Amino acid sequence: MTGWAWAALALYGFWLLSAFGLRTLIQRRRTGDSGLRGLSGTPGSASWWAGVLFVVALLGAVAAPAATLAGLPVLIDDTPAVYGIGAAIAALGVAGTLTAQQAMGASWRVGVDHAERTALVSDGPFAHIRNPIFTAMAVTGLGLTLMVPNVLALACLAALIIAVELQVRVVEEPYLRAVHGPAYLHYAATAGRFVPGIGRERTSRKDAGFQS
């Protein structure tokens, strides 16, 4: 089991360095801006909790395999097939994260600045899913949890899913509606929230910018 824990740490470290470290450097070189916006909202608000839970999930992804290395038992013992499937799922999630980030181009951000206006990205993976980066992050989290299925990993995955839901529904979607108006509503009616075809917005002809 220790081998899988080390593998989970290595895969997660690669994901962190690529998705945040390298991506931030690329963003700064291309635009002069890191793209990092950090926590938003007042303490105790839904948007603030989204940021806090993201931090918990990121730290927990290190703590879970480290705890296994320290002796914390896993909930599914001696099942290398499960651990291997988890590794494959996590690798798919890492690849999906990097692909979706690349598709965002200069619009890539971590967090939201409500005074800022970025281009609405609706091509590539965004043509089918409005939040492919968050989808890929959840896939990565699921894979890492299967690699080291202990209670900390499960708690970390739960924190990530709640954080994603709050961030998208409470922070990002209202921001995009306010900034892009009918263009976003039309786009949201064609692309699913986290998976293709599911979570599409219903819009009236008036909302979509049509005249009767």
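The legends below describe close-up views of a predicted model.

**View 1. The largest cavity and its lining.**
A search of the whole structure finds one cavity of 30 Å³ or more. The largest cavity holds about 220 Å³ of space. Its lining consists of 19 residues, and those that lie nearest the centre are Y12, A61, G141, L144 and C156. Four elements, α1 (2-31), α2 (46-69), α4 (132-147) and α5 (151-180), each give two or more residues to this lining. Helix α2 provides the largest share, with six residues. In terms of chemical class, the lining of the largest cavity contains 15 nonpolar residues, four polar residues and no charged residues.

**View 2. The largest pocket.**
The volume of the largest pocket is about 900 Å³. A total of 38 residues line the largest pocket, and R109, V110, G111, F134 and E172 are the closest to its centre. At least two lining residues come from each of α2, α3 (80-104), α4, α5 and α6 (182-188). The lining of the largest pocket divides into 21 nonpolar, 11 polar and six charged residues.

**View 3. Helix α1 and its kink.**
Helix α1 has 30 residues, which should span 44 Å at 1.5 Å a residue; the C-alpha atoms at its ends are 42 Å apart, in agreement with that value. A kink of about 30° is present in α1, and this kink is centred on R23. R23 is also one of the buried residues of α1. The other buried residues listed for this helix are A5, A8, Y12, W15, S18, A19, T24 and Q27. Of these, Y12 also appears among the residues nearest the centre of the largest cavity.

**View 4. Helix α5 from start to end.**
Helix α5 contains 30 residues, and the distance from its first C-alpha to its last is 41 Å, close to the 44 Å expected at 1.5 Å a residue. At the start of α5, a side-chain oxygen of N150 comes to within 3.1 Å of the backbone nitrogen of L152. Further along, α5 bends by about 35° at V168. Just after α5, G181 has a positive phi of about 55°.

**View 5. A contact between E116 and R109.**
E116 is located in the loop between α3 and α4. Its relative accessibility is 16%, and E116 is therefore classed as buried; the cut-off for this class is under 20%. The side chains of E116 and R109 make a polar contact at 2.9 Å. R109 is also one of the residues closest to the centre of the largest pocket.

**View 6. The backbone at D78.**
D78 lies in the loop between α2 and α3. Although D78 is not a glycine, its phi is positive, at about 55°. Most residues other than glycine have a negative phi. D78 counts as exposed because its relative accessibility is 66%, and the exposed class begins over 50%.

**View 7. Two residues of helix α3.**
A91 and V94 are both found in helix α3. A91 counts as partly exposed because its relative accessibility is 37%. V94 has a relative accessible area of 5% and is therefore buried. The C-alpha atoms of A91 and W15 are separated by 8.9 Å, and the two residues are 76 residues apart along the chain. W15 is itself listed among the buried residues of α1. V94 and G143 are 49 residues apart in sequence, and their C-alpha atoms are 9.9 Å apart in space.

**View 8. L53 in helix α2.**
L53 has its place in helix α2. With a relative accessible area of 17%, L53 is classed as buried. L53 and H186 are 133 residues apart along the chain, and their C-alpha atoms are separated by 31 Å.

How values were computed:
Residues are numbered from 1 along each chain as its sequence is written. This is a predicted model: local features need pLDDT of at least 70, side-chain atom pairs count only at pLDDT 80 or more; totals for chains, interfaces and linings use all residues. Side-chain values use heavy atoms; hydrogens and water are left out. On a 1 Å grid over the protein atoms alone, a cavity is a set of points where a 1.4 Å probe fits but cannot get out, and a pocket is an open set with protein on both sides within 12 Å along at least five of seven lines; lining residues have an atom within 4 Å of a point. Grid points are joined across faces, edges and corners, and a volume is the space filled by probe spheres set on the points. Ala, Val, Leu, Ile, Met, Phe, Trp, Tyr, Cys and Pro count as nonpolar, Asp, Glu, Lys and Arg as charged, and the others, Gly among them, as polar. The expected span of a helix is 1.5 Å times one less than its number of residues. The bend at a residue is the angle between axes fitted to the seven residues ending there and the seven starting there. A polar contact is a pair of N or O atoms within 3.5 Å; within protein, one must be able to donate a hydrogen and the other to accept it, and residues adjacent in sequence count only if both atoms are side-chain atoms. Buried means under 20% relative accessible area, exposed over 50%, partly exposed in between (1.4 Å probe, protein chains only).
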